[in-house]
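User: I would like to see how the terms used for this model follow from the values. Please take the definitions as they come up.

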Amino acid sequence: MSEVVLVNDANDVRTITLNRPNKKNALSHEMYALMADAIIAAEADNSLKVIILTGSDSCFTAGNDLGDFLGSPPELNAEERPPVTRFMFALLEAKKPVIAAIEGPAVGIGVTMLLHCEFAYAGENAYFLTPFVNLALPPEYASTLLLPQIVGQKKAVEMLMLGEKTSANAAVEMGLVTAVTKSGEALARANETAQKLAKKAPQAIRLTKKLLNMPPEAVVDRMNREGELFATSLHSAEFKESVTAFFEKRDPDYSGCAE
Ligand code: COA
């Protein structure tokens, strides 16, 4: 039997590929557990700078396995977090940038996970569905908070209450995805961005991600917070390397900077 989640490390990037095409990459407990493990391990590995999440050529994911939802739903009061929650928390807590590459349908949690990714590239055949209400379920994993923040209240209401298809072009217009590519080219585009990110100063990328994901606060508080981090970073090995590279007229190389 083939692996339902593939994990491939190359050029500083971990690519996690959903691989259950005969079930449209519907996410089983096993798949969530493998995805959570792959993200947590990538976070712990200094040689990996970026994580890519992708699916098959014609389907990102049909969302949660509906058979699992019916037969073995995640237990609210379980002692251990169920695999789906472990996966969503691994994604939420990831300090490294995460990029999604989507072809075909992204359904349910397939959309929810995008709200926690820094970049998302969609082939022009991609579409997005959040049919929670159509299944008599409410939305999940902070999507009622994040989706309105990202696409605006009215678009979020439309997606979450009607659960109709949002095309790749509509998704980019509303800010749900970063860019649309030709069909079949989303992963290549994700890799291009991953390579750009992998060459940047890892700590500076992590701080930027942290700041971008912080809850709203008073402007003065954010100025002070950024000011502290900025001042500290002026003493970092990464900053020294950036400036040295500038004066030596070469690209910076952060591989020697401790993380
Ligand atoms: N859970 C379990 N199995 C699923 C599934 C899911 N979420 N989505 C698809 N499958 C299975 C189908 O039952 C079918 O299995 P079979 O070949 O044994 O009959 C197979 O995957 C192919 O699905 P099919 O519906 O024929 O593919 P499609 O290309 O016509 O449509 C989707 C693709 C994603 C639009 C459609 O499958 C769909 O709407 N799936 C359910 C999505 C959903 O409600 N997810 C939960 C959100 S909370």
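Analyst: Buried area is the accessible area (1.4 Å probe) that two parts lose on being put together, summed over both. Domain 1 and domain 2 bury about 540 Å² in this way, 60% of it on carbon and sulfur atoms. On the domain 1 side, Lys 95, Glu 118 and Leu 197 lose the most area to domain 2, together 55% of what that side buries. The model is predicted: local features need pLDDT of at least 70 and side-chain atom pairs pLDDT 80 or more, while totals for chains, interfaces and linings use all residues. Residues are numbered from 1 along each chain as its sequence is written, and side-chain values use heavy atoms, without hydrogens and water.

User: Why is the pair Lys 209 and Glu 118 called a salt bridge?

Analyst: A salt bridge needs a side-chain nitrogen of Lys or Arg within 4 Å of a carboxyl oxygen of Asp or Glu. The closest N and O atoms of Lys 209 and Glu 118 are 3.0 Å apart, so the pair qualifies. Between domain 1 and domain 2 the count is 1 salt bridge.

User: What makes the approach of Ala 62 to the ligand a polar contact?

Analyst: A polar contact is a pair of N or O atoms within 3.5 Å; within protein, one must be able to donate a hydrogen and the other to accept it, and residues adjacent in sequence count only if both atoms are side-chain atoms. A backbone N or O atom of Ala 62 lies 2.8 Å from a ligand nitrogen, so the pair meets the limit. For Asn 64, a backbone N or O atom lies 3.0 Å from a nitrogen atom of the ligand.
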